[in-house]
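Visitor: Could you take me through this structure, and tell me at each step how a term has been earned?

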Amino acid sequence: MAKKLLRALAGEAVWPPPMWLMRQAGRYLPEYREVRAQAGGFIDLCTNPPLATEVTLQPLRRYGFDAAILFSDILMLPWALGQGLRFAEGEGPQLPPIRDEAGLAALDPARLPGAIEPILETVRRLSTTVGDATLIGFAGSPFTVACYMVQGSGSKEWDQVRLMAWCNPDLFTRLINLVTEQTIIYLSAQIDAGAEAVMLFDSWAGVLAPSLFRAHVIAPSARIAAAIRTRHPGVPVIGFPRQAGSMLGEFARATGVQGVGIDTSADPVVAAREVPAHVAIQGNLDPLVLVAGGEALARETDAVLAALRGRPFIFNLGHGIVPQTSPEHVAELVARVRAA
Ligand code: 1CP
């Protein structure tokens, strides 16, 4: 197993660490903006295999990252289940919210295999072109996907979602179970198409009380990790329970994932203590220090490197790159990590 990122996920302390950046394909790159304009809408881009392949590869050409992450979105799963999805320009995603039995019953798992076909075609194309980089497939975690399905748009507090979890736990649990089952099918299909590792993005895990975190973050993630282990032995799973805070160690131990992403607010020294030594840690430079550049970027990069040296570790940001990031700052970051 020669690829650096897969070695780290197998428990090896690779040095210098493998690196990639969340949202490494995106609007901070002029070549992405060009393809994006050509594609029409964002969903059109995600379902266009030649263009989605091209934007996935753009950051690899520029920076030689150790991973390519499939260009798609976590909301393509509800889209594939027939829940209407729109990306209004400058407004973020909009979906008709699920609030009752009828909303849940309208989801149609029979649509999924046909709907995800163009995404799988992108994975197939990438699997023959990524070279030494590791091809990462992904999905949202069931909780974060359910957040958008129930709330109907982005939110800071996700009040409608948490209220459903408390007031109608049976309905919410059935939604989580349905999304969990479909996520297993979706990730499994990405692996069959050539993904070498998969990541579960749980961007909103941090809004949950501990009992709900156990039920709707840890349990579904553990179920997905177990299913991948059974169906695709040796294919690692990275969990990213953003802002898990004091639940991080329990997440790492109880889910059986091979890698854990830590967000910007996590102290990497503390995370290194709480995450079992055989589990890789991925993170966690503040994406805004990458905008700042200069002394702060150098100092903070070195602090992350020092905290996680000597254990399985994948250098990344604590959340996605923001559009105003200078591509030159990314080049400086790559040079600094490579020289560690
Ligand atoms: O105009 C554009 O180009 C659309 C912006 C955009 C992009 C580039 C969206 C809409 N999604 C993406 C790609 C994307 N999304 C990737 C591609 C691979 C990569 O390079 O990393 C991935 C992995 C995601 C995952 C994603 N989508 C998450 C989880 C990670 C995170 O950032 O927290 C979430 C929460 C989404 C929802 C989403 N999609 C797009 C937007 C603007 C949002 C966020 C809406 C909100 O704030 O709630």
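Visitor: What makes the pair formed by an oxygen atom of the ligand and a polar backbone atom of Arg 23 a polar contact?

Guide: In this predicted model, the oxygen atom of the ligand is 2.7 Å from the polar backbone atom of Arg 23, and a polar contact is a pair of N or O atoms within 3.5 Å, so the pair qualifies. A polar side-chain atom of Ser 203 lies 2.5 Å from an oxygen atom of the ligand, and for His 319 a polar side-chain atom lies 2.7 Å from a ligand oxygen; both therefore meet the cut-off of 3.5 Å as well. Of the 900 Å² that the ligand exposes when taken alone, the protein buries 86%.

Visitor: Which residues are closest to the ligand, and how does the shell divide?

Guide: The ligand is surrounded by 22 residues, of which Tyr 32, Asp 73, Tyr 148, Ser 203 and His 319 are the closest. The shell comprises 13 nonpolar, 5 polar and 4 charged residues, and the ligand sits in the largest pocket.

Visitor: How do you know that Cys 46 is in no disulfide?

Guide: The search of the whole structure finds 0 disulfides. For Cys 46 the nearest cysteine sulfur belongs to Cys 147 and is 20 Å away, whereas a disulfide needs two cysteine sulfur atoms within 2.5 Å, so Cys 46 cannot count as part of one.

Visitor: Why is Cys 46 called buried?

Guide: Its relative accessible area is 1%, and buried means under 20%, so Cys 46 earns the word.

Visitor: And what makes Cys 167 exposed, and where is its nearest cysteine sulfur?

Guide: Cys 167 is also in no disulfide, with the nearest cysteine sulfur, that of Cys 147, 15 Å away. Its relative accessibility is 62%, and exposed means over 50%, so Cys 167 counts as exposed.

Technical notes. Residues are numbered from 1 along each chain as its sequence is written. This is a predicted model: local features need pLDDT of at least 70, side-chain atom pairs count only at pLDDT 80 or more; totals for chains, interfaces and linings use all residues. Side-chain values use heavy atoms; hydrogens and water are left out. A residue is near a molecule or strand if one of its heavy atoms lies within 4 Å of it. A polar contact is a pair of N or O atoms within 3.5 Å; within protein, one must be able to donate a hydrogen and the other to accept it, and residues adjacent in sequence count only if both atoms are side-chain atoms. Accessible areas come from the Shrake-Rupley method with a 1.4 Å probe; for residues, only the protein chains shown count as cover. On a 1 Å grid over the protein atoms alone, a cavity is a set of points where a 1.4 Å probe fits but cannot get out, and a pocket is an open set with protein on both sides within 12 Å along at least five of seven lines; lining residues have an atom within 4 Å of a point. A molecule sits in a cavity or pocket if more than half of its atoms lie within 2 Å of its grid points. Ala, Val, Leu, Ile, Met, Phe, Trp, Tyr, Cys and Pro count as nonpolar, Asp, Glu, Lys and Arg as charged, and the others, Gly among them, as polar. Buried means under 20% relative accessible area, exposed over 50%, partly exposed in between (1.4 Å probe, protein chains only).
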